[in-house]
Amino acid sequence: MNSLLGGGQVQFLPISKSSYSRRHLCKISNSLSLDNDGDRRVQIIHPELIPKHVAIIMDGNRRWAKARSLPVQEGHRFLAPNLKNICKVSSKLGIQVITAFAFSTENWTRSKEEVDFLMQLFEEFFQEIMRFEVRVSVIGDRSKLPMTLQKDIELAENATKTKEGLHLMMALNYGGHYDLLEATKSIASKVKDGVLQLEDIDKELFEQELATRCAKFPKPDLLIRTGGEQRISNFLLWQLAYSELYFTKTLFPDFGEAALKEAIITFQQRHRRFGGHTY
């Protein structure tokens with residue numbers, strides 16, 4: 001396997017709960033160690049600190065293609081195989097939910113040729129993903145998607161709903177503003193109809209109206225954005241409140257297993273406080 005840092009390897013280190021102190025849960029200080037010859041660094045992924053939910057903004061396809069003087073479609077072709085590989089690696093690592101930002105509510109402003117190409121890619125993806133041990137859900141306003149894609153989505157969701165492995169949520173025609181507005185309108189309608197009282201509205205109730213309610217772990221522990229931009233671009237605005245953010249300059253067509261594991265290792269070195277402190 002290629003090095004993640006200075007010619008090293010990624011290894012898994014099983015750790016018993018009895019020997020795992022609170023200090024180690026808060027901050028991993030020994031994530032780098034030397035192997036027997038003392039020349040190569042070994043990066044360790046701790047199974048007990050694997051994020052349950054990872055969200056990914058798959059950015060950089062267009063720039064990857066343009067840098068090679070290729071049509072933008074050639075960059076987009078990596079979306080399906082890379083996402084399948086991410087699902088495969090994530091399943092092995094023990095990640096339980098992946099949310100992939102595939103098409104935003106703002107992406108309709110792109111050329112019709114590019115949008116049509118993406119919609120065809122998505123159709124092929126949902127037709128193929130059913131062969132994997134992955135549960136598939138789609139979040140976003142699917143009513144504006146082509147009918148053929150809507151049918152493939154429905155078929156994939158129904159065919160995979162009983163699978164107990166990784167849960168892949170594809171964000172298609174999704175935006176955080178849209179998600180929050182839909183949740184608000186749903187709650188307002190229930191109040192108007194007398195189903196809810198104003199006093200019933202709290203954080204837990206609101207989260208049950210968000211698109212991610214279909215996931216066992218609806219809030220990402222880690223957000224990865226490829227492509228070098230450092231913003232969340234209207235993605236999971238409520239759900240990312242306490243997520244760890246990881247930005248990499250690697251463009252999505254070049255984002256593979258080693259890059260994903262490097263993001264996981266960086267996450268495991270973070271000190272997550274959730275608004276409080278542990279010192």
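**Close-up views of a predicted model**

**View 1. Leu168 and the company it keeps.** Skip the neighbours within four places in sequence, and Leu168 still touches Leu83, Cys87, Ile98, Ala100, Phe125, Val134, Arg135, Val136 and Ser137. Keep in mind that this is a predicted model. Leu168 also belongs to the largest nonpolar core, a group of 48 residues. Together with Phe122, Phe126, Met170, Leu172 and Ile224, Leu168 is among the residues with the most contacts inside that core. Which element gives this core its largest share? That's H5, with nine residues. Another core lies apart from this one; it has 14 residues, including Ala55, Met169, Tyr174 and Ala215.

**View 2. Helix H5 from end to end.** H5 covers residues 112–129, which makes 18 residues. Counting 1.5 Å a residue, we'd expect a span of 26 Å, and the end C-alpha atoms are indeed 26 Å apart, so the two values agree. Plenty of H5 is tucked away: among its buried residues are Val115, Phe117, Leu118, Met119, Leu121, Phe122, Phe125, Phe126 and Ile129. Glu123 is on the buried list too.

**View 3. Glu114, a buried residue in H5.** Glu114 is found in helix H5. Is Glu114 buried or exposed? Its relative accessibility is 3%, and buried means under 20%, so Glu114 counts as buried. Leaving out neighbours within four places in sequence, Glu114 is in contact with Arg62, Val72 and His76. Pro71 is 43 residues away along the chain, yet the C-alpha atoms of Glu114 and Pro71 are separated by 9.7 Å.

**View 4. Met130, in the loop after H5.** Follow the chain out of H5 and you'll find Met130 in the loop that leads to strand S6 (134–139). With a relative accessible area of 24%, Met130 is partly exposed. Beyond its neighbours within four places in sequence, Met130 touches Leu155, Ala156, Ala159, Thr160 and Lys163. The C-alpha atom of Asn158 is 9.6 Å from that of Met130, although 28 residues separate the two along the chain.

**View 5. Strands S6 and S7, side by side.** Five of the six residues of S6 are buried, so this strand is largely enclosed by the rest of the structure. S6 pairs with strand S7 (residues 166–174) in the parallel sense, over six bridges. For one spot to look at, find Ile139, which stands opposite Ala171 in S7.

**View 6. Helix H4 and the glycine that follows.** H4 takes in residues 79–93, 15 residues in total. At 1.5 Å a residue, H4 should span 21 Å, and its end C-alpha atoms are 21 Å apart, so expectation and model agree. The buried residues of H4 include Leu79, Ala80, Leu83, Ile86, Cys87, Val89 and Leu93. Asn82, Lys84 and Ser90 are also among them. Just past the end of H4, Gly94 takes a positive phi of about 100°.

**View 7. Inside the largest pocket.** The largest pocket holds about 500 Å³ of space. It is lined by 22 residues, and those closest to its centre are Asp59, Ser104, Asn107, Arg110 and Arg225. Which element gives the most to the lining? It's S5, with four residues. Helix H2 (61–67) and strand S5 (97–104) each supply at least two lining residues.

**View 8. Stepping back to the whole chain.** The protein chain has nine helices and nine strands. Of its 279 residues, 46% count as buried. Take the contacts with a separation of 6 or more: 75% of them join residues 24 or more positions apart.

Definitions and conventions:
Residues are numbered from 1 along each chain as its sequence is written. This is a predicted model: local features need pLDDT of at least 70, side-chain atom pairs count only at pLDDT 80 or more; totals for chains, interfaces and linings use all residues. Side-chain values use heavy atoms; hydrogens and water are left out. The expected span of a helix is 1.5 Å times one less than its number of residues. Buried means under 20% relative accessible area, exposed over 50%, partly exposed in between (1.4 Å probe, protein chains only). A nonpolar core is a set of buried Ala, Val, Leu, Ile, Met, Phe, Trp, Tyr and Cys residues joined through side-chain atoms within 4.5 Å. Contact means heavy atoms within 4.5 Å. Two strands pair if DSSP finds at least two bridges between them. On a 1 Å grid over the protein atoms alone, a cavity is a set of points where a 1.4 Å probe fits but cannot get out, and a pocket is an open set with protein on both sides within 12 Å along at least five of seven lines; lining residues have an atom within 4 Å of a point. Grid points are joined across faces, edges and corners, and a volume is the space filled by probe spheres set on the points.
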